[in-house]
Amino acid sequence: MKRRAANATAALSTFSGGGAAARLIDATYPLWYEISLCIVRQAAEGALIFPKKKPPETPLFSGSIARASVVGLHLVSGMLTGGAIGYFLWQRFDAAWWFWIFLALGFVAGCLNTYREAQKLLRDQDATNDRKNPPRD
């Protein structure tokens with residue numbers, strides 16, 4: 001270990017002219033060596049690859065609020081995308097009907113995405129409620 005530290009110090013001193021950087025390497029090298037040994041030991045035991053603890057389950061309330069806030073954005077984003085495509089085609093081909101067609105398609109796509117997301121949200125809430133409150137026999 002001392003030999004490696006001496007080699008690292010010698011290599012650094014040739015580039016930096018010695019000084020504070022070389023002293024920093026001397027002071028921290030044993031620490032980094034111990035840390036790397038600890039990581040290798042944990043990897044050998046499988047602690048890094050297969051953790052023993054399960055990650056905590058995300059609370060239903062925060063996940064529901066996040067997904068419910070996205071539901072409204074689906075409608076707006078569909079209309080904005082359809083409107084942008086329609087506006088580009090309107091300017092390109094000088095026909096206003098392209099804008100109205102793509103705006104309507106964007107509205108339909110936004111409604112469809114909103115419906116699908118709301119159905120997923122309701123299905124997940126029902127599954128969570130069934131898990132928390134199993135039916136009594």
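From the N terminus on, the elements run α-α-α-α, which comes to four helices and zero strands. Helices (H or I, at least four residues) and strands (E, at least two) are DSSP runs, numbered from the N terminus. This is a predicted model, in which local features need pLDDT of at least 70, side-chain atom pairs count only at pLDDT 80 or more, and totals for chains, interfaces and linings use all residues. Residues are numbered from 1 along each chain as its sequence is written, and side-chain values use heavy atoms, with hydrogens and water left out.

**The whole chain**

Show the surface of the chain. Its accessible area is about 11,100 Å², and 67% of that belongs to carbon and sulfur atoms. Accessible areas come from the Shrake-Rupley method with a 1.4 Å probe; for residues, only the protein chains shown count as cover. Of the 137 residues, 14% count as buried. Buried means under 20% relative accessible area, exposed means over 50%, and partly exposed is in between (1.4 Å probe, protein chains only).

Contacts can be counted too, where contact means heavy atoms within 4.5 Å. Among contacts with a separation of 6 or more, 56% join residues 24 or more positions apart.

**Helix α4 from end to end**

Select residues 97-132, which make up helix α4. How far apart are its end C-alpha atoms? They are 53 Å apart, which agrees with the 52 Å that 36 residues should span at 1.5 Å a residue. The expected span is 1.5 Å times one less than the number of residues.

Now colour the buried residues of α4: Phe99, Gly106, Gly110, Glu117, Leu121 and Thr128.

**Glu117**

Select Glu117, one of the residues of α4. Is Glu117 buried or exposed? Glu117 counts as buried because its relative accessible area is 14%. Leaving aside neighbours within four places in sequence, the residues in contact with Glu117 are Arg67, Val71 and His74.

**Asp124 and Cys111**

Stay in α4 and select Asp124. With a relative accessible area of 36%, Asp124 is partly exposed. Add Ser64 to the selection: 60 residues separate Asp124 and Ser64 along the chain, and their C-alpha atoms are 9.1 Å apart.

Next select Cys111, also a residue of α4. Cys111 is partly exposed, at 32% relative accessible area. Leu75 is 36 residues away from Cys111 along the chain, yet the C-alpha atoms of the two are separated by 5.7 Å.

**A nonpolar patch**

Go to Val108, which belongs to α4. Its relative accessibility is 54%, so Val108 counts as exposed. Add Met79 and Phe107: with Val108 they form a nonpolar patch on the surface, with about 260 Å² of accessible area together. Patches are made of residues with over 30% relative accessible area and no salt bridge; like charges are joined within 9 Å, nonpolar side chains (Val, Leu, Ile, Met, Phe, Trp, Tyr) within 5 Å. A salt bridge is a side-chain nitrogen of Lys or Arg within 4 Å of a carboxyl oxygen of Asp or Glu.

**Phe102**

Select Phe102 in helix α4. Which residues does Phe102 touch, not counting those up to four places away in sequence? They are Gly82, Gly83, Ile85, Gly86 and Leu89. Thr81 is 21 residues from Phe102 in sequence, and the C-alpha atoms of Phe102 and Thr81 are 8.5 Å apart.

**Aromatic rings**

Show the rings of Phe, Tyr and Trp (its six-membered ring). Rings pair if their centres lie within 6.5 Å; planes under 30 degrees apart count as stacked, over 60 as edge-to-face and the rest as tilted. How many aromatic pairs does the structure hold? There are six aromatic pairs. In one of them, Trp90 and Phe99 are tilted, at 5.8 Å centre to centre with 40° between the planes. The rings of Phe99 and Trp100 have centres 5.0 Å apart and planes at 75°, so this pair is edge-to-face.

Compare the accessibility of these residues. Phe99 is buried at 17%, Trp90 is partly exposed at 30% and Trp100 is exposed at 54%. Add Tyr87 to see the cluster in which ring pairs link Tyr87, Trp90, Phe99 and Trp100.

**The loop before α4**

Finish at Asp94, in the loop between α3 (60-93) and α4. Asp94 is exposed, with 67% relative accessible area. Its phi is near 55°, a positive value in a residue other than glycine. Most residues other than glycine have a negative phi.
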